[in-house]
Amino acid sequence: MKKTPRKLRVGWFSFACCEDSTIMMTEMLNTRWQEWTKKIDFVHARILRTEKELKNIDVSFVEGAMATDKDIRRVKEIRKNSKYVVAIGACAVDGMPAAQRNLFDEKTKKEIGYILEHFRHREKVVPVKKVIKVDDFVAGCPMQEDVFLKVLDKYLKKFGVA
Amino acid sequence: MMHSFDITIENLSKIEGHTDLEVCVRNRKVQRVHLKISENKRFYTQAIRGKPAQGAPHLMSRICGTCSIAHLLCCIQGVENAMGIQVSEQTILLRKLAMYGLYLRDHALHTYMFSLPDMLGKDSILDFDEKNPKEHELIHQCFDVKAAGNALSTLVAGRAVHAPLPVVGGFTKIPKKEEIKPVVQQLRSVRDAVLELQEIFMEEKFNFHRKTHYVSLLCPDFNFYTGDHICTSKFVCIPSMHYLEHLEHQVMPYSQASGYEFEGETYMVGALARMNLNNAYLHKNTRIDAKKAIAIFPTNNIFFNNLAQSIEMLHCIDASMDILQNTTFKDEKSAAVIPKAGRGVGVVEAPRGTLYYLIETDKVGIISHADIVVPTGQNQINIEQDIKKLVEDNLDLPKKELQFEIEKLIRAYDPCMSCAAHFLRLKWV
């Protein structure tokens with residue numbers, strides 16, 4: 001019997017951001033879905049399917065910055081259950097523009113203070129690398145497609161898929 | 001089912017952004033429905049203050065990845081109205097095309113990738129069976145239609161996500177003749193697929209009716225970008241610049257988004273509202289070929305929001321092919337931007353409904369104040385009231401089935417949580 005070829009187990013997560021890199025991914029599917037469905041198992045990608053248990057992921061792509069305690073707990077859980085983590089898009093890589101409230105003057109900070117407190121936002125919004133170890137970065141707003149494809153290819157090769 | 005129970009959904013899938021839901025039923029009475037938009041606020045209305053108005057639209061487009069072009073163009077309109085900048089007819093035409101490209105791609109994402117799996121009993125479009133001829137065809141059509149919308153946006157606006165070419169005053173690059181032909185061909189090639197999609201949504205088995213009000217910008221040729229009046233199913237038309245004055249902001253302390261009522265009543269914005277109110281303005285070719293589908297409207301079955309979107313997709317193909325084939329675009333410079341103190345309103349129909357920007361500038365062209373009202377915020381109370389009725393009508397369904405019905409209903413609205421996490425006012429108490 002022919003052995004089922006191994007697929008790369010991918011997780012796709014978003015935090016404080018506009019999800020532009022997620023939309024870029026759904027657009028890349030336009031021309032790549034046949035290739036990707038053979039090589040990639042999107043085990044955890046809320047934009048594509050119902051969320052399942054978070055475990056045993058080869059590569060997690062993380063979009064968005066860390067704004068709340070909940071974000072930090074979640075991203076640590078992702079790290080624990082993923083062999084590699086890639087930060088995608090400007091907010092995940094550098095924090096901005098999601099972190100723009102870090103630069104507000106005192107008056108504006110006071111104005112938004114109640115919301116920050118009510119929803120347990122942290123004092124500063126930070127990029128993913130400030131919270132967990134990140135193995136690769138795909139910068140850009142939205143993420144640069146060619147860089148993303150190179151990084152994806154690297155992991156497909158690393159796991160013996162491509 | 002039990003007389004008292006709770007339903008909790010965390011991180012609802014196949015929508016844009018993050019949301020949780022909490023339903024509490026006691027003694028067969030729905031006591032609470034909380035749509036808890038958990039998307040983190042990113043404070044764009046504060047961040048824009050003190051920034052040059054010319055650069056503001058490209059920052060504001062970062063509110064939302066999927067409908068960024070709607071935010072970009074609505075903010076541009078607000079800035080131009082604040083500073084009294086007149087743009088050329090060609091600029092208006094190109095902006096309409098940018099909206100058509102956005103709609104085609106964004107509606108295709110929602111109809112094919114988010115809603116269609118519900119109809120076919122699958123969890124994901126990627127689970128469609130390639131060996132089943134119908135499912136095989138649909139998966140190809142999904143990506144071809146999305147690609148056609150992307151191509152139109154790229155032609156006109158430079159990119160489908162965070163488009164670089166539209167600016168205050170006009171466009172930094174005009175499409176070239178040789179670039180237009182392949183895009184027209186691509187649009188034409190997916191027209192039949194969109195008609196087939198309409199056939200599927202016409203046979204909609206899901207059914208949910210609750211009387212509510214509908215609100216949309218009245219666009220003369222269903223172009224989503226121009227129009228001076230907001231019309232409603234209450235037979236009231238108001239100048240769009242006064243829209244905000246008719247809205248009442250509702251405090252929802254469990255959600256990171258704002259809820260709204262229109263003149264004290266709940267309402268819905270989006271494709272269903274547009275189709276109920278304005279379908280006579282659709283492109284003539286759409287009105288001929290989608291006659292059967294259009295005849296279903298007006299309706300208050302929320303699941304026909306999917307059908308309404310698929311009709312709009314056909315309209316976008318027909319209207320943009322018409323413009324692209326009958327226009328000679330000339331190279332022109334954008335209108336000059338002379339900084340001026342002023343107050344301007346931008347109103348467009350974003351894919352999910354009416355989008356409103358209020359922009360105030362000072363004499364050197366710096367933004368001094370901004371307010372935004374986004375579609376999903378306006379739909380939030382309506383969604384909750386629908387869920388309440390859905391649960392009350394189906395108390396005897398097994399809990400798992402009832403939960404799936406609720407998920408389908410929320411998905412039919414095509415909510416966008418990235419956009420929704422914006423407050424009009426910041427103080428609740």
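Reader: Which order do the four strands of the open sheet in chain B take?

Author: This is a predicted model. In chain B, four strands form an open sheet with mixed pairing. Their order is β8-β7-β6-β11.

Reader: Which strands are the edge strands of chain B here?

Author: An edge strand of this sheet pairs on one side only. That holds for two strands of chain B. They are β8 (237-239) and β11 (267-268).

Reader: How many bridges join β6 to β7 in chain B, and which residue stands opposite B:S216?

Author: Strand β6 covers residues 213-217 of chain B, and strand β7 covers residues 229-232. The two run antiparallel and are joined by three bridges. Opposite B:S216, in β7(B), stands B:C231.

Reader: What is the bridge partner of B:I230 in β8(B)?

Author: β7(B) and β8(B) run antiparallel, with three bridges between them. Their hairpin has four residues between the strands, and there B:F235 takes a positive phi near 60°. As for B:I230, its bridge partner in β8(B) is B:I238.

Reader: Which side chains of strand β9 in chain B are buried?

Author: Strand β9 of chain B spans residues 247-250, and its side chains alternate. B:E248 and B:Q250 point to one face and are not buried. The other face takes the buried pair, B:L247 and B:H249.

Reader: Which residue of β10(B) stands opposite B:E248?

Author: β9(B) runs antiparallel to strand β10 of chain B, residues 259-262. Four bridges join the two strands. Opposite B:E248 stands B:E261.

Reader: How many residues does each chain bring to the contact?

Author: Chain A and chain B bury about 4100 Å² between them. Of that area, 59% is on carbon and sulfur atoms. The contact takes 50 residues from chain B and, from chain A, 43 residues.

Reader: How many salt bridges are there between chain A and chain B, and what is the N to O distance for B:D127 and A:R49?

Author: The count between the two chains is four salt bridges. The side chains of B:D127 and A:R49 meet in a salt bridge, with an N to O distance of 3.0 Å.

Reader: Which element gives the most to the side of chain A that touches chain B?

Author: Across the interface there are 17 residue pairs in polar contact, both at pLDDT 80 or more. On the side of chain A, α1 (20-39), β4 (66-68), α2 (69-80) and α4 (106-118) each supply at least two residues. The residues of that side divide into 22 nonpolar, 11 polar and 10 charged. The element that gives the most, with 10 residues, is α1(A).

Reader: Is B:E80 buried or exposed?

Author: B:E80 lies in helix α3 of chain B, residues 68-83. Beyond its neighbours within four places in sequence, B:E80 is in contact with B:I85, B:V87, B:R95, B:V167, B:V168, B:G169 and B:G170. Its relative accessible area is 5%, and the cut-off is under 20%, so B:E80 counts as buried.

Reader: Why does A:A90 count as buried?

Author: A:A90 has its place in helix α3 of chain A, residues 90-94. Leaving aside neighbours within four places in sequence, its contacts are A:G95, A:M96, A:G140 and A:C141. The relative accessible area of A:A90 falls under 20%, because its value is 15%.

Reader: What separates the C-alpha atoms of A:A90 and A:A139?

Author: A:A90 and A:A139 are 49 residues apart along the chain. In space, their C-alpha atoms are separated by 5.4 Å.

Conventions: Residues numbered from 1 in each chain as written. Chains lettered and ligands numbered in written order. Predicted model: local features only at pLDDT ≥ 70, side-chain atom pairs only at ≥ 80, totals over all residues. Heavy atoms only, no water. Buried < 20%, exposed > 50% of the residue type's maximum accessible area, 1.4 Å probe, protein only. Pairing = 2+ DSSP bridges. Contact = heavy atoms within 4.5 Å. Buried area = accessible area lost by both parts, 1.4 Å probe. Polar contact = N/O pair within 3.5 Å; in protein donor to acceptor, adjacent residues only side chain to side chain. Nonpolar A, V, L, I, M, F, W, Y, C, P; charged D, E, K, R; others polar.
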